[in-house]
Amino acid sequence: MKYIIRFFPEITVKSRAVRQQQIKQLKKNIRQIVKEIWEPARVGGCWDLLEVEVGEDAPELITTQISDALTCIPGIHHFMEAQEYELPDFDRICELTLESVGDSLRGKTFVVRVQRAGVHDFRSIDLERYVGSYLFQHTDNAGVRLKNPDQQVVLQVHHQRLFIINRRREGMGGYPLGTQENVATLISGGYDSCVATWQMLQRGIYTHFIFFRLGGPAHEEGVKQVAYYLWQRYGRSHRVKFVTVPFEAVVEDILTQVDNPLMGVVLKRCMIRCADRVASRLKTTALITGEAISQVSSQTLTNLQVIDRATDRLILRPLITTNKQAIVDQAKMIGAAVYAEAIPEYCAVISNRPTTRAKLHEVEAAEARLSQAVMADALATASYQPITEIPADLAARAIAPDLLPASASFNEQVVVLDVRAPDEVDNAPLRLSQVDVVPMPFYRLHSGFAALDQSREYWLYCDKGVMSQLQAQNLRDAGFNNVRVCPAELVQ
């Protein structure tokens with residue numbers, strides 16, 4: 001089996017030197033990925049096409065894996081699975097074509113298309129007519145149809161070689177990874193950051209990942225899964241880092257020190273400021289976010305301008321004018337939607353009364369009340385993990401304890417911790433006659449839980465059941481075994 005690879009059209013219009021450099025990089029990327037799948041495979045070609053030769057002894061599973069991998073390598077416009085021969089005379093071409101495609105033409109209309117490169121003593125249309133006439137006479141077909149046939153029989157003559165095309169598959173397009181500078185993506189695991197990552201990869205820009213952990217290890221694991229998927233499927237020719245910045249304490253600082261309307265903008269500025277420091281360490285050119293105009297309150301033009309003032313580093317927003325449905329559709333197309341759907345939304349991290357027109361001087365005054373030590377500690381304890389280590393890391397954490405209580409009824413040992421944000425508690429207080437209820441916002445759990453009476457059992461509650469599960473898992477990981485998730489039916 002041989003794969004004939006055609007380049008992204010924009011590569012072919014570059015200057016000779018740039019085109020050669022990009023083709024050389026693409027060949028290197030393909031070779032690295034293909035040889036991970038099947039070491040005997042060979043990658044060749046140069047100016048106008050590349051070739052991947054798998055060999056006749058390769059198992060079908062291997063050829064399938066290589067074919068699937070080629071659809072996801074940036075720089076490939078399309079590729080064709082083909083059989084190769086030294087260019088024979090017309091009669092032998094007819095015989096070889098009949099052997100290859102004859103059975104597939106039964107009961108179908110067809111047309112023969114010939115593509116040539118090089119100097120020959122015949123025209124493409126001459127060979128098309130000759131082979132077409134032969135197939136019409138020697139197969140049980142439904143006739144020749146030049147427009148909209150049931151099947152195209154494609155032959156490629158490349159100098160003194162003949163390729164009979166079995167199947168064409170579309171590639172990812174774009175530029176080869178490594179032909180542009182690298183960047184760092186702020187990844188949350190949702191649709192937006194996943195699609196923004198994919199679009200940068202498609203432009204030949206490989207990206208590291210920066211994750212700001214707001215919901216403990218369970219949140220981190222979900223985001224690691226989607227980041228690894230994006231890298232492994234679309235960018236594994238280049239090694240990158242996954243950086244986790246523990247941001248729970250920073251969020252607590254913001255929610256206790258900053259006025260409600262400014263919380264969202266301040267949180268984004270804190271993230272950008274930390275990401276800038278991480279990017280410096282990673283030696284990246286720019287930061288990538290999945291923000292789109294007016295999708296949420298922090299993404300108005302006014303607020304984005306204020307957020308950008310937190311750093312001098314270039315911030316790219318590839319989705320800036322894209323509507324949400326288009327983003328979701330693209331996430332499904334690239335296969336990231338199934339992961340994004342599993343990343344939970346938080347009950348409360350950003351203000352429920354956000355401003356859409358933040359003023360820089362007010363934001364800076366609010367930030368002056370934040371602890372610089374908290375931010376410095378988050379950066380100091382950030383982990384820089386090679387993305388290749390993520391599968392082993394996730395496998396080690398695959399088994400989680402059962403977070404539901406043994407009995408779905410309260411007893412005298414149980415205390416319900418209401419982990420909702422204070423505004424949510426004020427709007428809808430949780431009152432239970434059978435058990436003690438103690439409000440403790442989710443962002444205080446990591447610092448305040450240890451001070452509670454550890455002889456009691458604590459059932460965590462929030463409206464959606466998401467934050468309670470994540471924080472219960474977080475506390476379990478910290479060594480507290482007296483934590484459960486409060487069953488929803490007990491508080492209805």
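Mentor: A cavity is a set of points, on a 1 Å grid over the protein atoms alone, where a 1.4 Å probe fits but cannot get out. Its volume is the space filled by probe spheres set on the points, which are joined across faces, edges and corners. This is a predicted model, so local features need pLDDT of at least 70, side-chain atom pairs count only at pLDDT 80 or more, and totals for chains, interfaces and linings use all residues. Residues are numbered from 1 along each chain as its sequence is written, and side-chain values use heavy atoms, with hydrogens and water left out.

Trainee: How many cavities of 30 Å³ or more come out by this rule?

Mentor: Three cavities. The largest has a volume of about 60 Å³, and the second largest about 40 Å³.

Trainee: What makes Glu248 part of the lining of the largest cavity?

Mentor: Lining residues have an atom within 4 Å of a point. Glu248 lines the largest cavity, as do Leu214 and Phe442, among others.

Trainee: Why is Ser298 called buried?

Mentor: Its relative accessible area is 4%. Buried means under 20% (exposed is over 50%, partly exposed in between; 1.4 Å probe, protein chains only). So Ser298 is buried.

Trainee: How do you know that the side chains of Ser298 and Lys268 make a polar contact?

Mentor: They lie at 3.0 Å. The definition asks for a pair of N or O atoms within 3.5 Å; within protein, one must be able to donate a hydrogen and the other to accept it, and residues adjacent in sequence count only if both atoms are side-chain atoms. So the pair of Ser298 and Lys268 is a polar contact.

Key. On a 1 Å grid over the protein atoms alone, a cavity is a set of points where a 1.4 Å probe fits but cannot get out, and a pocket is an open set with protein on both sides within 12 Å along at least five of seven lines; lining residues have an atom within 4 Å of a point.
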